[in-house]
Amino acid sequence: LDGARLAPPPAVVPAEGPASSPGTGPDPNLAEAILAILEQDIIGGDRDRLVKALVGTTVLFDLQVERIDRTFALYSHPDYRAGRTIQGAVAGTELKVLVWFPEAMNADLDALKSGDVLHVQGQVREWDPLRRRPSVLAEP
């Protein structure tokens, strides 16, 4: 993301249905891609390398909110430093995910509560092998 230009963030839209239909939207489906790798009978290090290969991929998914925090990290892009970080799961799965949102979306995100579901489009930023979850940088 260093040097990348970000468009103004979209409003948070509570999910009313599936995030995408076959043949539309970004690929891959985050949960399907990661769960397919995690379910394979391969050694942990090899498995982590396969999941890390998804870093930089644009994904679209429904996020079931578990917790909303203020972002206090010294993240490299100024638009995200005072934003929100949401911990949750890809709706309908056990896959945990951490999503970073820009500050411009704070008012909409602060209205959410645990259990709410929202559409997220973003870029896989990193894989946390200890928590076995991806971090996603939300984008318009």
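Six salt bridges are counted in this predicted model. Three of them are described here, each with its partners and their exposure.

**Glu66 and Lys96.** The side chains of Glu66 and Lys96 form a salt bridge, with 2.6 Å from N to O. Glu66 belongs to strand β1, residues 58-70, and Lys96 to strand β3, residues 96-101, so the contact ties together parts that are 30 residues apart in sequence. How exposed is Glu66? Glu66 is partly exposed, at a relative accessible area of 39%. Lys96 is partly exposed too, at 37% relative accessibility.

**Arg84 and Asp110.** A salt bridge also joins the side chains of Arg84 and Asp110, with 2.7 Å from N to O. This pair links distant parts of the chain. Arg84 sits in strand β2, residues 84-90, while Asp110 sits in helix α4, residues 106-110. The two residues are 26 apart. Is Arg84 buried or exposed? Arg84 has 6% relative accessibility, and buried means under 20%, so Arg84 counts as buried. Its partner Asp110 is partly exposed, at 44%.

**Arg125 and Glu126.** Arg125 pairs with Glu126 in a salt bridge, and their closest N and O atoms are 3.5 Å apart. The cut-off for a salt bridge is within 4 Å, so this pair qualifies. Arg125 is partly exposed at 29% relative accessibility. Glu126 is partly exposed at 36%.

The table sets out the three pairs.

| Salt bridge | N to O distance | Relative accessibility |
|---|---|---|
| Glu66 and Lys96 | 2.6 Å | Glu66 39%, Lys96 37% |
| Arg84 and Asp110 | 2.7 Å | Arg84 6%, Asp110 44% |
| Arg125 and Glu126 | 3.5 Å | Arg125 29%, Glu126 36% |

**The barrel.** Now to the strands. Five strands make a closed barrel, in the order β1-β2-β3-β5-β4. Their pairing is mixed. From one strand to the next, the twist averages 50°. In general, strands of a sheet pair through backbone hydrogen bonds, either parallel or antiparallel.

Which way do β3 and β5 run? These two strands run parallel, joined by three bridges. Strand β5 covers residues 133-138. Within this part of the barrel, Val99 stands opposite Val136 in β5.

The salt bridges can be placed on this barrel. Strands β1, β2 and β3 are among its members. Glu66 lies in β1 and Lys96 in β3, so their salt bridge connects two barrel strands. Arg84 lies in β2, and its salt bridge reaches Asp110 in helix α4.

Key:
Residues are numbered from 1 along each chain as its sequence is written. This is a predicted model: local features need pLDDT of at least 70, side-chain atom pairs count only at pLDDT 80 or more; totals for chains, interfaces and linings use all residues. Side-chain values use heavy atoms; hydrogens and water are left out. Helices (H or I, at least four residues) and strands (E, at least two) are DSSP runs, numbered from the N terminus. Buried means under 20% relative accessible area, exposed over 50%, partly exposed in between (1.4 Å probe, protein chains only). Two strands pair if DSSP finds at least two bridges between them. Axes are lines fitted to C-alpha atoms, for helices over the stretch in contact, and angles run from 0 to 180 degrees between N-to-C directions.
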